[in-house]
Amino acid sequence: MLVVLLLITPLLWSKLGSLQRQVDELKTEVEGLRYGSSGDTHRFGVNSTSSAPDAVSFFPSSDSSTMSHPTMDRELEQELLTMVRSGNKIKAIKTLREARGLSLKEAKDQVDALDK
């Protein structure tokens, strides 16, 4: 029995290491999606030297991801406001849905709130 245990132990350690690497990769991907490093920050022209005012965004949020990147919210809000003012309300709704993963109704309600 001891011999079997000694033979299986390295195999189990190897498998454990492989699983830990997979978990670490998934964590990295989730963080990338959470903080927009998957392309959203470049799409909306977000940078760390934004000159946008420190105003509270119109985006209601209960998660911490938008709280940790208020610059992205302000940039997105400015882009949406520009679209709405130029008569592209549908495009603004679509952009918001893609950026936030919202339902059509949620995105429409938020764009309508911005329009007021």
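This is a short tutorial dialogue on reading the features of a predicted protein model.

User: Where should I start? How many helices and strands does the protein have?

Analyst: A good start is the list of secondary-structure elements. This predicted model has six helices and zero strands. Read from the N terminus, the order of elements is α-α-α-α-α-α.

User: Next, burial. What share of the residues counts as buried?

Analyst: Burial is judged from relative accessible area, with buried meaning under 20%. Of the 116 residues in this protein, 28% count as buried. You can set that beside the total accessible surface, about 8500 Å², of which carbon and sulfur atoms hold 60%.

User: And the contacts? What part of them joins residues 24 or more positions apart?

Analyst: Here you look at sequence separation. Among contacts with a separation of 6 or more, 45% are between residues 24 or more positions apart.

User: Which residues have the most contacts inside the largest nonpolar core?

Analyst: A core is read as a set of buried nonpolar residues joined through their side chains. The largest one here has 13 residues, and Leu76, Leu80, Ala92, Leu96, Ala107 and Val111 have the most contacts inside it. Helix H4 (70-85), helix H5 (89-100) and helix H6 (104-115) each give at least two residues to this core. H4 supplies the largest share, with five residues.

User: Can we turn to the surface? Which residues form a nonpolar patch there?

Analyst: For a patch, you look for accessible nonpolar side chains that lie together. In this model, Val3, Val4, Leu7, Ile8 and Leu12 make up such a patch, and their accessible area together is about 480 Å². Take Ile8 as one of them: this residue sits in helix H1 (residues 2-34).

User: Why does Ile8 count as partly exposed?

Analyst: The partly exposed class lies between the 20% and 50% cut-offs. Ile8 is placed in that class because its relative accessibility is 37%.

User: Now for charges. How many salt bridges does a search of the whole structure find?

Analyst: The search finds four. A salt bridge is read from the distance between a side-chain nitrogen of Lys or Arg and a carboxyl oxygen of Asp or Glu, with 4 Å as the limit. One of them pairs Lys89 with Asp112, whose closest N and O atoms are 2.8 Å apart. That pair links distant parts of the chain, since Lys89 is in helix H5 and Asp112 in helix H6, 23 residues apart. The side chains of Asp112 and Lys89 are also joined by a polar contact of 2.8 Å.

User: Is Asp112 buried or exposed?

Analyst: Asp112 is buried, because its relative accessibility is 17%. Its partner Lys89 is partly exposed, at 29%.

User: Which other lysine forms a salt bridge with Asp112?

Analyst: That is Lys108, with the closest N and O atoms 2.7 Å apart. Both residues lie in helix H6, four residues apart, or about one turn of the helix. Lys108 counts as partly exposed at 41% relative accessibility. Taken together, Lys89, Lys108 and Asp112 are linked in a network of salt bridges.

User: What is the helical separation of Asp109 and Lys105?

Analyst: They are separated by about one helical turn, because they are four residues apart in helix H6. Asp109 and Lys105 form a salt bridge too, and the closest N and O atoms are 2.9 Å apart. Asp109 is partly exposed with a relative accessible area of 37%, whereas Lys105 is exposed with 58%.

How values were computed
Residues are numbered from 1 along each chain as its sequence is written. This is a predicted model: local features need pLDDT of at least 70, side-chain atom pairs count only at pLDDT 80 or more; totals for chains, interfaces and linings use all residues. Side-chain values use heavy atoms; hydrogens and water are left out. Patches are made of residues with over 30% relative accessible area and no salt bridge: like charges are joined within 9 Å, nonpolar side chains (Val, Leu, Ile, Met, Phe, Trp, Tyr) within 5 Å. Accessible areas come from the Shrake-Rupley method with a 1.4 Å probe; for residues, only the protein chains shown count as cover. Buried means under 20% relative accessible area, exposed over 50%, partly exposed in between (1.4 Å probe, protein chains only). Contact means heavy atoms within 4.5 Å. A nonpolar core is a set of buried Ala, Val, Leu, Ile, Met, Phe, Trp, Tyr and Cys residues joined through side-chain atoms within 4.5 Å. A polar contact is a pair of N or O atoms within 3.5 Å; within protein, one must be able to donate a hydrogen and the other to accept it, and residues adjacent in sequence count only if both atoms are side-chain atoms.
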